[in-house]
Structures are given as structure tokens and as C-alpha cells.
Amino acid sequence: MAIYDLTKTPADSYDSHTHLNDDKLFHDVPAYIGRANEFRVMEMNIVGYDALANERALTIAQAHDNIYAVLGFQPEDTTAFDSAAAEKLEMQLQQEKVVGVGETGLDYYWETVAHDVQKEAFKKHLALAKKYDLPVIIHNRDAFSDVYDMLKASGVHKGVMHSFSGTPEQALAFVALGMHISFSGVVTFKKADDVRQAAQAVPLERLLVETDAPYLTPTPFRGKDNEPAFVKYVVDSLAETLNLSPKEMSDITRTNAHRLFLNHD
């Protein structure tokens, strides 16, 4: 018996950004995949953020059907992104089941890594995305202007603004550069009206859903570790926000993910 009401959301979903490669989840990957399938989350991207997470993402993706790897160094880990790491990442990006570069970007919230170090790493990731014609998955926190300017200058015209939490105007600015806008469990939070307003501004063909598991757990599971199965609650909340059925929302976001990551029309 499924643990999710399939009469409410009968369509299959695609979690565009999850971290089964995180220590909190990596110990029991098959169980998390199995539970996701019960929730009809049938496809997902395992997203890297440092050298170990990239290796794990590849391992998971290459061992399971309908699971893909995105490889890169998140802003907080760019101090380890030296020339050797960049060379290895480039080799990994050419392997089977790799569908994107990232997560990469800029994070000015924590101030743990110098901005110039983050920018140099982001620039290299953007160059790799352009070279291999892969979508770039962007982490942007309190750095809108610099992320926008660097993306625009890069010539990269496809990718994802991951776990978007900006304004409608910012969302549309990134859409104009060719980006998709992905919404996480934040869209389910009671006080996240600004995020829901941004979702209403995004063209349907540019919407994606994600969990960012084990982080950003959606209502009603806040306080617990997130997992790919819970993308269904993101779908439900986004559907309500846009006056669509959950099935319509699942179909739209899955189709968008297929087009972006798998080159399916």
C-alpha cells in the first residue's frame, strides 16, 4: 500500500535537486529511492557539492535507472576547488548519467569563503557548462547582482536557479537569460508568500520542483530530515498556488525536467 494518496497526486514526479549523497541519507540510498517510488517520485537528480559528494552522486546515478548526477562545487566548498579538482570535475562531467554542472554559484550570507574565490570557481563552472553544453545549477544567496552579471556574461543560456527564494522580478530576470526556476519545500512554508508570488510570475514551461533533501523539509514534516519522496508536497503546494491540479503540476515540471536534463521534447 502506497504511503501517499495516489488519488490526490497520481502523476509521476521528477525531483530535480536532491542530495542522497549527503551523509544523512547516503547510508540507506535504496530505502530512500524505494520510498520515493511509493510517492511516485520516479526520477531525480543527485547533486554534488564537493569532491566526495560528486563521487557519490556518480555512484548512485550509475547504479539506478532514472537517476542522474549533477556535479560541481557549492560556494562554501570552493576553497577546495583547485586546478586538480577542476581537472577531475571536467573528466567526471563526460561520464554517463551526468546531466548538469553544479551546484555552483555565490553565497554571501555565511561569509565563510571570500567573494573573489567564489567568483573564480563559479566562472570555471560556467565555462564547463558552456563547453559541454550542460545546464548549470545555480546556488544564489544574497548575491543576485553578481550571479546575474556573471551568468549573463558567460554565454550560458540554460540551467536552474535552485531553491528559488527571490522576488518575482528577479525570477523573470533569470528566465530572460534562459534559466528555469526551481521551487523547494520553502514554497510550503506559511510565511513564504514572497516565494509563492515569484512562482506565480514564472512561465509554466520554466518551472521545476525539488527537495534539496535532506534540507528544506516541507510542511508537514518540518523539523525532520527531508527526502526525495517529499517533493510531492512541493508539487501540491505549487499546484495550489497556481490554481492547477497536482497531476497537472507533476506533468508540467516532469516534462520541463525531461526537456532540460534529458533533451526530451
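**Exercise 1. Which elements do the buried residues of H7 pack against?**

Work on the predicted model; local features need pLDDT of at least 70, side-chain atom pairs count only at pLDDT 80 or more, and totals for chains, interfaces and linings use all residues. Residues are numbered from 1 along each chain as its sequence is written, and side-chain values use heavy atoms, with hydrogens and water left out.

Step 1. Locate helix H7: residues 168-176. Helices (H or I, at least four residues) and strands (E, at least two) are DSSP runs, numbered from the N terminus.

Step 2. Pick its buried residues (under 20% relative accessible area, 1.4 Å probe, protein chains only). They are Pro168, Ala171, Ala173, Phe174 and Val175.

Step 3. List their partners, with contact meaning heavy atoms within 4.5 Å. The buried residues of H7 pack against E5, helix H6 (144-154), strand E6 (159-161), strand E7 (179-183) and helix H8 (193-201).

Step 4. Check what comes next. Gly178 follows H7 and has a positive phi, near 105 degrees.

**Exercise 2. Trace the strand order of the sheet and find its edges.**

Step 1. Read the order: E1-E2-E3-E4-E5-E6-E7-E8, an open sheet with parallel pairing. Two strands pair if DSSP finds at least two bridges between them.

Step 2. Find the edges. Strand E1 (13-18) and strand E8 (207-209) each pair on one side only.

Step 3. Inspect one pair. E3 (residues 67-71) and E4 (residues 98-107) are joined in the parallel sense over 3 bridges. Val70 stands opposite Gly100 in E4.

Note on methods: Buried < 20%, exposed > 50% of the residue type's maximum accessible area, 1.4 Å probe, protein only.
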